[in-house]
Structure formats: structure tokens, C-alpha cells
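Hi,

Here is the structure I said I would pass on. Have a look at it, and then read my notes underneath.

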Amino acid sequence: SQEVPAGGRVLGDGEGEALDGAETLQQRGGGEIPEEEVRLGMQTGGLAMLSLTLILFLGWSRTTARLGRVLAALGDLGRGQGVSARQPFGAPRTGRLVRDEIDQLNDTLLDLADQWQTLEHKVREQATALKLRMRELDRERNFVSSLLDTAKVLVLTLDPQGRVALANQHAVKLTGFDPEDLLGRHFFDLL
């Protein structure tokens with residue numbers, strides 16, 4: 001049986017064997033390779049190497065650019081800028097055929113940015129609620145204070161040891177003490 005090479009020509013006896021290091025095509029009867037074909041082969045090989053180098057460079061540049069965006073966003077997140085950390089990425093990438101470590105970093109960064117935004121929102125809500133509650137307590141304190149100061153009755157508040165912790169204006173007038181002297185005195189000292 002005869003072998004048919006990719007070019008389609010049937011090889012004769014012994015033609016299909018590999019050339020050893022000492023033989024040349026000319027010695028095997030293949031003839032000399034024209035210089036133009038050698039030049040064309042070298043140019044094609046050089047062009048192929050240049051193309052592969054360019055493809056590798058572009059792939060590497062894209063990868064380093066992706067990694068640079070992730071690292072910059074991590075820095076933003078570390079400085080407390082959760083929203084700006086999320087902006088370069090948008091939604092998580094789910095349609096990629098091959099996911100690499102940078103995609104995992106990207107997804108983790110998006111999760112962290114989401115958690116940051118959630119925590120930031122909760123803190124803002126709690127701060128607002130706290131401010132409202134403080135205003136409410138201020139109003140109540142002012143109301144109680146004005147009631148105590150306008151009431152024509154003696155009002156004293158004592159601490160657990162029996163010392164005066166609060167006294168209204170009427171109590172100050174009736175006892176004759178200065179407000180600073182009245183506060184902290186034991187109740188029985190006033191009798």
C-alpha cells in the first residue's frame with residue numbers, strides 16, 4: 001500500500017522516509033530549493049512569529065489592564081468609597097467562557113462594594129433615626145424643664161444617696177440657696 005501525503009502526490013519507494021542529518025533534498029533527487037521559496041518561507045515564519053508576539057502582547061495588556069482596574073477599585077473600597085469602587089465594573093460577568101482569577105477578584109470586589117453600600121445605607125438610616133430621637137428628647141427635656149421652672153411648687157429630684165440632683169426655680173427661691181449650692185446637698189440638710 002502506498003502513502004498519500006497532504007499534498008496529494010503518491011510517494012515512490014523510499015521517498016516517504018525521513019532525511020537523516022547528512023542527506024539533502026538534492027541528494028535524494030528532490031532537487032534544489034529555489035532561493036525565492038526559502039526567502040518566502042522565512043518571511044512567512046517571521047510574520048507568523050510577529051503575529052503571535054502581537055497577539056500575546058495584546059492579551060497580556062488586556063489582562064494587566066483588567067487587573068489594574070480591580071486593584072484601583074480595591075483601593076477606592078479601602079478608602080471608604082464603595083460606590084466608586086463598583087463603577088468601573090457594572091454587573092458581574094456571567095457569560096465568559098473561561099473565568100480566571102481576575103474574574104473572581106472582580107466578583108468579590110462587586111460583592112464587597114454591595115455590602116459596603118448596604119452598610120452605608122444602614123448607617124445613614126440609623127444616624128437619621130438617632131438625630132430625630134435626639135431632637136425629640138431635646139423637646140421633651142425643654143418641655144419638662146419649662147414646666148418645672150414655671151410651676152409654683154417645690155420640685156426636687158434626689159439621687160439614690162438622697163442628694164439633690166435637680167431643683168426647679170421655685171425650690172431655689174424657697175430654700176434660699178444658690179442653684180450651685182443646692183445641687184449635691186443631702187435632702188435632710190435642707191430641713
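H1 and H3 cross each other in a left-handed way. Keep in mind as you read that this is a predicted model. To find the two helices, look for residues 35-78, which form H1, and residues 101-150, which form H3. Their axes lie 10 Å apart and meet at an angle of about 20°. Angles under 35 degrees count as roughly parallel, so H1 and H3 are roughly parallel to each other.

Which residues make the contact between H1 and H3? On the H1 side you will find Thr-63, Arg-66, Leu-67, Val-70, Ala-73, Leu-74 and Leu-77. H3 brings Ile-102, Asp-103, Leu-105, Asn-106, Leu-109, Leu-112, Ala-113 and Trp-116. Sorted by character, the residues of this contact come to 11 nonpolar, two polar and two charged.

One of them is worth clicking on: Leu-105, in helix H3. Setting aside neighbours within four places in sequence, Leu-105 is in contact with Leu-67 and Val-70. Leu-105 and Leu-67 are 38 residues apart along the chain, and 8.7 Å separates their C-alpha atoms. Is Leu-105 buried or exposed? Neither, really: its relative accessible area is 38%, so Leu-105 counts as partly exposed, given that buried means under 20% and exposed over 50%.

Now jump to the other residue I looked at, Leu-183. You will find Leu-183 in the segment after helix H5, which covers 179-182. What does Leu-183 touch, not counting residues up to four places away in sequence? The list is Val-164, Ala-165, Leu-166 and Ala-167. Take Leu-166 from that list: Leu-183 is 17 residues from Leu-166 in sequence, and their C-alpha atoms are 6.6 Å apart in space. Leu-183 has 43% relative accessibility, so this residue is partly exposed.

Zooming out, the chain has five helices and two strands. Going along the sequence, they come in the order α-α-α-β-β-α-α. Of the 191 residues in the chain, 13% are buried. The chain exposes about 14900 Å², and 60% of that comes from carbon and sulfur atoms. As for contacts with a separation of 6 or more, 31% are between residues 24 or more positions apart.

Have fun clicking around!

How values were computed:
Residues numbered from 1 in each chain as written. Predicted model: local features only at pLDDT ≥ 70, side-chain atom pairs only at ≥ 80, totals over all residues. Heavy atoms only, no water. Helix = DSSP H or I, 4+ residues; strand = E, 2+ residues; numbered from the N terminus. Buried < 20%, exposed > 50% of the residue type's maximum accessible area, 1.4 Å probe, protein only. Contact = heavy atoms within 4.5 Å. Areas by Shrake-Rupley, 256 points an atom, 1.4 Å probe, with all protein chains shown as cover. Axes fitted to C-alpha atoms, helices over the stretch in contact; angles between N-to-C directions. Parallel < 35°, antiparallel > 145°, perpendicular 65-115°, else oblique. Left-handed = near helix turned anticlockwise from the far one by under 90°. Nonpolar A, V, L, I, M, F, W, Y, C, P; charged D, E, K, R; others polar.
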